[in-house]
Amino acid sequence: MTLRAIPVAILVLICGPALAASPAIRPAPREAPTPPMVFYVAKGAPDACGRGCDSWIAVEGEVDSGAAVRFQKFLRQTGNRHLPMYFSSPGGNLDQALAMGAMLRERPTVARVARTVVKECGFEAQDGEVCLRLKQSGRELHGDLWTHGAMCNSACPYLILGAATREIAPDAVLAVHSPKVVVHFSGGIPTQQMRAAATERGIERADLMLSRYFLKMGAEGALLDLAKTVKFESMHILTREEIVRFGIDRREFVETPWTFENSIRSMVRKSAIAKSDAGNAFRTLQWRLFCFTTGQFELDFQRQVPSAPAFATVSISNGGAKPLYFTLPPVKPQGFEVWGLRMTRVSLQSLAGLPQFEFTETAQAPDGHRLAHPERFSTEGLAGALESLLATCPAQKDMAPLQASGPQDSAAK
């Protein structure tokens, strides 16, 4: 009796969350099953999703086998609101992801990567059953956006390529790898040769499907070439240079607003990434604000250790007559420099009252001359984030007011 087996190849791209936003090829960590993809409208504080924007569409979870149908239904329900979409997904079913990307191309969509923290969930886990039911309810929910560590992996970067505009925050993560083909047989037990042949056909189908999709979206095929070199069990976290070169987000300077994070230790965070003056390299900058009391704060600045070691100072202007200098020397944990600056509440409020602040890094050239590199960054979100941070700070004790740090030596004067 001849065995009759009919292979059906199902293509999936699934990987766990990235552990760090650093360029690398690393194993995809094994995690608990990710909930199926959900879509909902969230409303935040004024300007939560940009100037004049307080509402957005959250797209989160695994791209499951029914995601495209639910997404199409959801888009019909939202009508012509044209809200920005924030994605947070480990990836999933490739066919469904590409179908969803094609739907994005039919509307003027702005796609970004961020986690939505829903306030109605209270102390429940954001991916727990209680919170998931809220997100599936069809209600408009209230929440905050966190880009720090937010991920769009595996099939998710292909999905967001469908959007006319893609904006990737400097502290968000995009990761890719090669597809995995899952083959199901019916009619009997297949031989090893039949499995190998079906898998090969599935890979060919995936390559053809992705090539046609990239051509339709006007995307760079080099992204596909890179993904093919990464085993499915691993992931490659895209560098900013790759994100720009592959046309995912071509901006060479990107900064986040100041955002309050109520985690293990409450803080206010801001990140920026900019192209270096020489070559195609990008550098990442980060500021973190902590409180000791309602009147005493520390502003930390973190950057990668410069390739050429040189004496340097770092200062920030809050509109006063003189800039405020960060303390020397910086702490240097694993390739980074962390500089600290003690600030008063009044000094911070002065900073928050400015539309931009000037941040200056000064190095000493080999000939002894000082080279100043001033840049301007936005204070967007700082006033509201500082107010949220103050609500978590211990009350100020009766003591002499803390002065902002000044120059540490003659070279900084």
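**A tour of the sheet and its helix**

Start with the whole protein on display: its exposed area is about 20,600 Å², and carbon and sulfur atoms supply 54% of that. This is a predicted model. Of the 413 residues in the protein, 48% are buried.

Next, switch to a cartoon view. The protein has nine helices and 24 strands. To see how distant parts of the sequence meet, consider contacts between residues at least 6 apart in sequence: 69% of these join residues at least 24 apart.

Now select one sheet. It is an open sheet of seven strands, and reading across it gives the order E8-E9-E3-E4-E5-E7-E11. The pairing in this sheet is mixed. Which strands are at the edges? Select residues 115-118 for strand E8 and residues 165-167 for strand E11; each of these edge strands pairs on one side only. Look along the sheet for its twist, which averages 40° from one strand to the next.

Then select residues 38-43, which form strand E3, and residues 55-60, which form strand E4. How do E3 and E4 run? The two strands are antiparallel, and six bridges join them. For a single pair of residues, pick Lys43 and find Ser55 in E4 standing opposite.

Keep E3 and E4 on display and add residues 67-78, which are helix H1. Helix H1 packs on the sheet. Which strands does H1 touch? They are E3, E4 and strand E5, the last at residues 85-88. Finally, compare directions: that of H1 makes about 30° with that of E3.

Note on methods. Residues numbered from 1 in each chain as written. Predicted model: local features only at pLDDT ≥ 70, side-chain atom pairs only at ≥ 80, totals over all residues. Heavy atoms only, no water. Helix = DSSP H or I, 4+ residues; strand = E, 2+ residues; numbered from the N terminus. Buried < 20%, exposed > 50% of the residue type's maximum accessible area, 1.4 Å probe, protein only. Contact = heavy atoms within 4.5 Å. Areas by Shrake-Rupley, 256 points an atom, 1.4 Å probe, with all protein chains shown as cover. Pairing = 2+ DSSP bridges. Axes fitted to C-alpha atoms, helices over the stretch in contact; angles between N-to-C directions.
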